[in-house]
Amino acid sequence: MLRSGLIATKVGNSSFYKDNGMSTHVTILKIDECIVSNVKTTEKDGYNAVQIASIETGKDISNINKPQRKIFTTIDINPKKILKEFRVDNDNILKIGTKLNVDHFKVDQFIDASSISIGKGFAGVMKRHNFGGLRASHGVSISHRSHGSTGQNQDPGRVFKGKKMAGRMGNKKVTKQNLRVIDIDNANNLLIVKGSIPGKKNSIIFLKDAVKRS
């Protein structure tokens with residue numbers, strides 16, 4: 001069953017203490033008001049989806065581009081920073097203007113979280129791919145942390161795409177699956193999720209029901 005997800009902001013990491021005194025590491029997410037700003041249907045667009053708008057920009061409507069301005073003026077809301085489409089089933093299409101909050105998810109439910117991971121800059125193979133490195137003995141000559149041979153010869157005479165080598169680490173979309181919702185704070189619109197979620201503080205996180213678990 002496909003249904004809409006939510007747009008959240010990462011507050012940070014913390015510890016959560018259960019009733020029996022055991023603690024577990026959690027990530028705290030803040031859910032601003034998520035409003036359905038558009039709907040896609042199979043008859044009109046070839047697929048079913050709902051577009052969610054969230055997180056206010058703080059800008060006046062006159063400073064927004066005309067294509068997006070129409071979205072906000074149609075449902076009479078302040079301009080939002082993030083617009084995100086979520087594929088849904090035919091039975092889970094929501095009406096434009098519907099507001100979703102932290103109650104969209106339930107305690108002990110499993111969710112998937114997607115965000116942009118923290119960028120680490122240019123990194124070598126030992127840090128980026130966990131290589132063991134070369135021997136730190138005589139004859140290795142200042143190449144202890146190098147990747148060594150890339151394994152190609154006369155045939156095919158090139159390095160295959162996808163070869164594990166040094167390069168930019170992080171700063172890419174990462175999805176963590178099967179994260180359990182530990183607690184929900186309705187008063188402050190906070191979602192307490194067990195485990196780590198990619199991204200730094202104040203990162204935009206896209207949440208949806210777990211694909212592999214219910």
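What radius of gyration does the protein chain have, and what value would a compact globule of 214 residues have? In this predicted model, the radius of gyration of the protein chain is 23 Å, whereas a compact globule of 214 residues would have one near 17 Å. Taken along the principal axes, the box filled by the C-alpha atoms of the chain is roughly 70 × 50 × 35 Å.

The protein chain contains 3 helices and 12 strands. Of its contacts with a separation of 6 or more, 69% are accounted for by residues 24 or more positions apart. Buried residues make up 35% of the 214 residues, and the accessible surface of the chain comes to about 13700 Å², with 47% of that area belonging to carbon and sulfur atoms. As for charge, there are 37 positive and 18 negative side chains, and a distance of 13 Å lies between the centres of the two sets.

The interior can be described through its nonpolar cores. The largest of them has 27 residues, and those with the most contacts inside it are Leu29, Ile52, Ile111, Leu191 and Leu207. Two or more residues are given to this core by each of the strands β1 (6-17), β3 (34-40), β4 (49-56), β5 (80-87), β7 (110-116), β10 (173-185), β11 (190-194) and β12 (204-209). Apart from this core lies another one, of 7 residues, which includes Ile35, Ala53, Ile64 and Ile77. The surroundings of Leu207 illustrate how distant parts of the sequence are brought into contact: leaving aside residues up to four places away in sequence, Leu207 touches Gly5, Leu6, Ala8, Leu29, Ile31, Phe86, Phe105, Ile111, Asp112, Ala113 and Leu191.

Some features of the backbone also deserve mention. Most residues other than glycine have a negative phi, and most peptide bonds are trans. Against this background, Asp108, which is not a glycine, has a positive phi of about 75 degrees; Asp108 is found in the loop between β6 (99-100) and β7, and with a relative accessibility of 47% it counts as partly exposed. A positive phi, of about 55 degrees, is also found at Asn171, again not a glycine. Asn171 has its place in the loop between β9 and β10 and is partly exposed, at a relative accessible area of 40%. The peptide bond that joins Asp155 and Pro156 is cis, with omega about 10 degrees, and Pro156 is found in the loop between α3 (125-129) and β9 (167-169).

Conventions:
Residues are numbered from 1 along each chain as its sequence is written. This is a predicted model: local features need pLDDT of at least 70, side-chain atom pairs count only at pLDDT 80 or more; totals for chains, interfaces and linings use all residues. Side-chain values use heavy atoms; hydrogens and water are left out. A nonpolar core is a set of buried Ala, Val, Leu, Ile, Met, Phe, Trp, Tyr and Cys residues joined through side-chain atoms within 4.5 Å. Buried means under 20% relative accessible area, exposed over 50%, partly exposed in between (1.4 Å probe, protein chains only). Helices (H or I, at least four residues) and strands (E, at least two) are DSSP runs, numbered from the N terminus. Contact means heavy atoms within 4.5 Å. The radius of gyration is taken over C-alpha atoms; the globule rule is 2.2 Å times the number of residues to the power 0.38. Accessible areas come from the Shrake-Rupley method with a 1.4 Å probe; for residues, only the protein chains shown count as cover. Lys and Arg count as positive and Asp and Glu as negative; His and the chain ends are not counted. The place of a charge is taken as NZ of Lys, CZ of Arg, CG of Asp or CD of Glu.
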